[in-house]
Amino acid sequence: MTQPPDDRRFMALALSLGARGQGRCWPNPAVGCVIVNNGRIVGRGWTQPGGRPHAEVVALAQAGAQARGASAYVSLEPCAHIGQTPPCATALVQAGVARVVTALEDPDPRVAGGGHAMLRQAGIAVQTGVMAAEARRAHRGFLLNRTEGRPALTLKLASSFDGRIATATGESQWITGPGARRMVHAQRARHDAVMVGGGTARADDPMLTVRGMGVAAQPLRIVCSRRLDLPLGGKLAQSAGDVPLWLCHGDSAPEPARAAWEKLGARLIEVPIGAGGQLDPLALLQALGQAGLTRVFCEGGGALAASLLMAGMVDELVGFTAGLAIGAEGFPALGAMGLDALAEAPRFSLVETRAVGGDVMHCWERA
């Protein structure tokens with residue numbers, strides 16, 4: 001169905017506003033809302049840190065009395081259930097808006113069309129499905145959490161032109177330039193959590209924090225280590241009490257290691273072991289989804305990345321490719337995937353390509 005140009009314009013603004021809450025409002029969705037009266041924007045809002053107040057409440061507060069008779073553009077169906085706050089659908093009714101335009105129905109069983117029904121019962125005109133495809137992409141993590149019980153997963157790989165992440169001696173700093181590294185920090189900030197495998201944690205001793213951005217709160221840090229054989233004197237251990245750290249491990253992780261990490265302030269999540277003796281990728285993501293996460297940014301290493309790809313758990317690929325070649329003796333970006341035929345390889349569709357400093361960033365979505 002053809003959508004009025006103004007509906008698309010204001011919904012595009014609502015989606016862009018909602019993106020400001022990404023990484024800071026889980027387990028709630030990062031919703032955007034725009035209130036328009038006689039063609040003029042009188043209120044704007046997005047889901048605030050911690051998930052409250054919701055976008056509609058923020059926008060209505062800004063609009064005040066001008067919300068009466070106005071149109072509200074919301075990137076996801078307004079909630080209809082009473083949680084820590086009253087339903088947003090009720091707030092829209094009480095404010096006297098005349099029309100509500102949404103992009104998607106909320107699949108959460110507590111809502112699932114109930115918000116739209118509540119608005120219609122109050123005599124408010126409701127238009128749904130405006131920029132639905134764009135909204136599904138923006139809300140992918142929340143939608144997956146509610147429908148499949150797992151967060152959306154973005155896999156980031158930074159490599160040389162020939163797909164290597166280090167030389168044969170292990171030297172890796174820096175393959176990509178400062179522009180690409182800054183972009184990675186910006187992407188970390190838009191996710192609920194940053195995740196790496198135990199091998200990366202041991203080899204690089206990373207902090208996994210957002211730096212140089214002035215963020216109010218850091219994303220969670222997740223390390224997947226089957227045996228919890230991680231350095232207790234490293235940066236992750238030293239900062240576990242300051243920046244949230246979750247450690248996903250198998251049942252073989254020794255009790256002394258568990259006790260030591262819990263004493264440092266880390267949260268431990270036991271995950272079943274899958275094929276190949278590694279943490280089961282689906283069980284891993286479902287555990288993170290059950291904990292409330294909607295968006296996870298994985299930065300490797302190679303074995304973890306390969307297992308997630310082969311399990312079909314990667315929703316978006318982000319690659320940073322540098323203009324240098326290291327050769328076959330270097331470390332590959334991906335571990336072994338056991339493929340015998342191209343038809344078995346996971347396929348992705350190109351979404352965006354751009355130059356970032358002296359490197360190339362390319363983004364792909366699961367086909």
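Trainee: What makes both faces of strand 12 (residues 295-298) count as covered?

Mentor: This is a predicted model, and the statement concerns that model. Arg295 and Phe297 on one side of strand 12 are buried, and Val296 and Cys298 on the other are buried as well. Buried means under 20% relative accessible area. With buried residues on each side, both faces are covered.

Trainee: Why do the side chains of a regular strand end up on two faces?

Mentor: In a regular strand, side chains alternate between the two faces of the sheet. Strand 12 has Arg295 and Phe297 on one side, with Val296 and Cys298 on the other.

Trainee: How do you know that strand 6 and strand 12 are joined?

Mentor: Two strands pair if there are at least two bridges between them. Strand 6 and strand 12 have four bridges and run parallel, so they count as paired. Within strand 12, Arg295 has Ala152 standing opposite.

Trainee: What makes strand 8 (residues 193-197) and strand 12 a pair?

Mentor: The cut-off is again at least two bridges. Strand 8 and strand 12 have three bridges, in the parallel sense, and therefore they meet it. Here Met195 stands opposite Cys298 of strand 12.

Trainee: Why does His191 count as buried?

Mentor: Its relative accessibility is 5%, and buried means under 20%. His191 is therefore buried. His191 sits in the loop between helix 7 and strand 8.

Trainee: With which residues is His191 in contact, leaving aside its neighbours within four places in sequence?

Mentor: They are Gly23, Thr154, Pro219, Arg295, Val296 and Phe297. Contact means heavy atoms within 4.5 Å. Arg295, Val296 and Phe297 belong to strand 12.

Trainee: Why is Ile124 called buried?

Mentor: Set 8% relative accessibility against the cut-off of under 20%. The value lies under the cut-off, so Ile124 counts as buried. Its place is the loop between helix 4 (114-121) and strand 5 (125-127).

Trainee: What does Ile124 touch, not counting residues up to four places away in sequence?

Mentor: Ile124 touches Leu92, Val93, Val97, Ala98, Arg99, Val100 and Leu119. Val100 is 24 residues apart from Ile124 along the chain, while their C-alpha atoms are separated by 7.1 Å.

Trainee: Why are Met131 and Leu208 both described as buried?

Mentor: The relative accessible area is 10% for Met131 and 3% for Leu208. Both values are under 20%, so both residues are buried. Met131 lies in the loop between strand 5 and helix 5 (132-138). Leu208 lies in the loop between helix 8 and strand 9 (220-224).

Trainee: What is the sign of phi in Met131 and in Leu208?

Mentor: Met131 has a positive phi near 55° and is not a glycine. Leu208, also not a glycine, has a positive phi of about 65°. Gly312, which follows helix 12, has a positive phi near 70°.

Trainee: Which residues of helix 12 are buried?

Mentor: Gly302, Leu304, Ala305, Ala306, Leu308 and Leu309. In an α-helix, residues three or four places apart point the same way because there are 3.6 residues a turn.

Trainee: What is omega for the peptide bond that joins Trp26 and Pro27, and for the one from Gln173 to Trp174?

Mentor: Omega is about 10° for the bond between Trp26 and Pro27, which is cis. Omega is near 0° for the bond from Gln173 to Trp174, also cis. Pro27 is in the loop between helix 1 (5-18) and strand 1 (32-37), and Trp174 is in the loop between strand 7 and helix 7.

Trainee: How much space lies in the largest pocket, and which lining residues are closest to its centre?

Mentor: The largest pocket holds about 1100 Å³ of space. It is lined by 37 residues, and closest to the centre are Lys156, Ser172, Trp174, Thr200 and Asp204. A residue counts as lining if it has an atom within 4 Å of a pocket point. Helix 7 gives the most to this lining, with five residues.

Trainee: What classes make up the lining of the largest pocket?

Mentor: There are 18 nonpolar, eleven polar and eight charged residues.

Technical notes
Residues are numbered from 1 along each chain as its sequence is written. This is a predicted model: local features need pLDDT of at least 70, side-chain atom pairs count only at pLDDT 80 or more; totals for chains, interfaces and linings use all residues. Side-chain values use heavy atoms; hydrogens and water are left out. On a 1 Å grid over the protein atoms alone, a cavity is a set of points where a 1.4 Å probe fits but cannot get out, and a pocket is an open set with protein on both sides within 12 Å along at least five of seven lines; lining residues have an atom within 4 Å of a point. Grid points are joined across faces, edges and corners, and a volume is the space filled by probe spheres set on the points. Helices (H or I, at least four residues) and strands (E, at least two) are DSSP runs, numbered from the N terminus. Ala, Val, Leu, Ile, Met, Phe, Trp, Tyr, Cys and Pro count as nonpolar, Asp, Glu, Lys and Arg as charged, and the others, Gly among them, as polar. Buried means under 20% relative accessible area, exposed over 50%, partly exposed in between (1.4 Å probe, protein chains only).
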